[in-house]
Amino acid sequence: MTPTPSYQACIDACNACATACNACLAGCLREEDMQMMTRCIALDIDCAAICQLTASAMARNSEMARHLARVCGEICLACANECVQHHHDHCQRCADACRQCAAACEAVNR
């Protein structure tokens, strides 16, 4: 089954965000003060998981896809807001990807 055209941009943004979150998670685990990064790590895990689930649901044209997109957008914004507080390159790239994904998720529900 081919996803609806309106979903494709969100699927792409979700996949890019999940990749950025996983890279951020790995980067956070290499930081000297990992204790300071615990919330970032936790949100990276949650964000990557919901992005992957949302992209998968959209690819299947699931009836729950729009609902998942709303939740995904909320989690992406929370992750972006945490990551932007850290000045590491991996955190800044993650924050950008999360904001782009949140915008794509919002567009699906307009």
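Let's start with aspartate 44, which is buried yet has no salt bridge. The nearest side chain of opposite charge belongs to arginine 39, and it is 10 Å away. Keep in mind that this is a predicted model, so read what follows as a description of that prediction. Aspartate 44 sits in helix H2. What does it touch, once residues up to four places away in sequence are left out? The list is Cys21, Cys24, Leu25, Cys28, Cys79, Cys83 and Cys94.

Now zoom out to see where that aspartate lives. The protein chain has four helices and zero strands, so going from the N terminus you just read α-α-α-α. With a radius of gyration of 14 Å, close to the 13 Å that the globule rule gives for 110 residues, the chain is as compact as a globular protein of that length. Its C-alpha trace spans about 45 × 20 × 20 Å along the principal axes. Buried residues account for 45% of the 110 residues. The accessible surface comes to about 5,900 Å², and carbon and sulfur atoms own 55% of it.

How do the helices come together? Take the contacts between residues at least 6 apart in sequence: 71% of them join residues at least 24 apart. A couple of pairs make this easy to find on screen. Isoleucine 11 is in helix H1, which covers residues 5-30, and at 7% relative accessibility it counts as buried. Its C-alpha is 7.3 Å from that of alanine 59, although the two are 48 residues apart along the chain. Alanine 23 is also found in helix H1, but this residue is partly exposed, with a relative accessible area of 44%. Measure from alanine 23 to cysteine 94 and you get 8.0 Å, C-alpha to C-alpha, for two residues 71 apart in sequence. Cysteine 94 should ring a bell, as it is one of the residues that aspartate 44 touches.Next, the charges. The mean positions of the 8 positive and 12 negative charges are 8 Å apart. Which side chains pair up? A search of the whole structure finds three salt bridges. One of them joins arginine 39 and glutamate 82, at 2.9 Å from N to O. This pair links distant parts of the chain: arginine 39 belongs to helix H2 (residues 38-59) and glutamate 82 to helix H3 (residues 65-83), 43 residues apart. The two partners sit in unlike surroundings: arginine 39 is partly exposed, with a relative accessible area of 48%, whereas glutamate 82 counts as buried at 7%. This is the arginine 39 from the opening, the nearest side chain of opposite charge to aspartate 44.

Another salt bridge stays within one helix. Aspartate 96 pairs with arginine 99, and their closest N and O atoms are 2.5 Å apart. Both are in helix H4 (residues 89-108), and being three residues apart there, they are separated by about one helical turn. Here both ends are partly exposed: aspartate 96 has 37% relative accessibility, and arginine 99 has 36%. The remaining bridge runs from glutamate 106 to arginine 110, with 3.5 Å between the closest N and O atoms. Arginine 110 is exposed, with a relative accessible area of 72%.

Finally, have a look at two loops. Histidine 86 is found in the loop between H3 and H4. Is histidine 86 buried or exposed? It is buried, with a relative accessible area of 8%. Leaving aside its neighbours within four places in sequence, histidine 86 is in contact with Met36, Met37, Cys40, Cys91 and Gln92. The other loop, between H2 and H3, holds asparagine 61. What stands out there is the backbone: asparagine 61 has a positive phi of about 55° although it is not a glycine. At 25% relative accessibility, asparagine 61 counts as partly exposed, since the cut-off for buried is under 20%.

Technical notes. Residues numbered from 1 in each chain as written. Predicted model: local features only at pLDDT ≥ 70, side-chain atom pairs only at ≥ 80, totals over all residues. Heavy atoms only, no water. Rg over C-alpha atoms; globule rule 2.2 N^0.38 Å. Buried < 20%, exposed > 50% of the residue type's maximum accessible area, 1.4 Å probe, protein only. Contact = heavy atoms within 4.5 Å. Areas by Shrake-Rupley, 256 points an atom, 1.4 Å probe, with all protein chains shown as cover. Lys, Arg positive; Asp, Glu negative; His and termini not counted. Charge placed at Lys NZ, Arg CZ, Asp CG, Glu CD. Salt bridge = Lys/Arg side-chain N within 4 Å of Asp/Glu carboxyl O.
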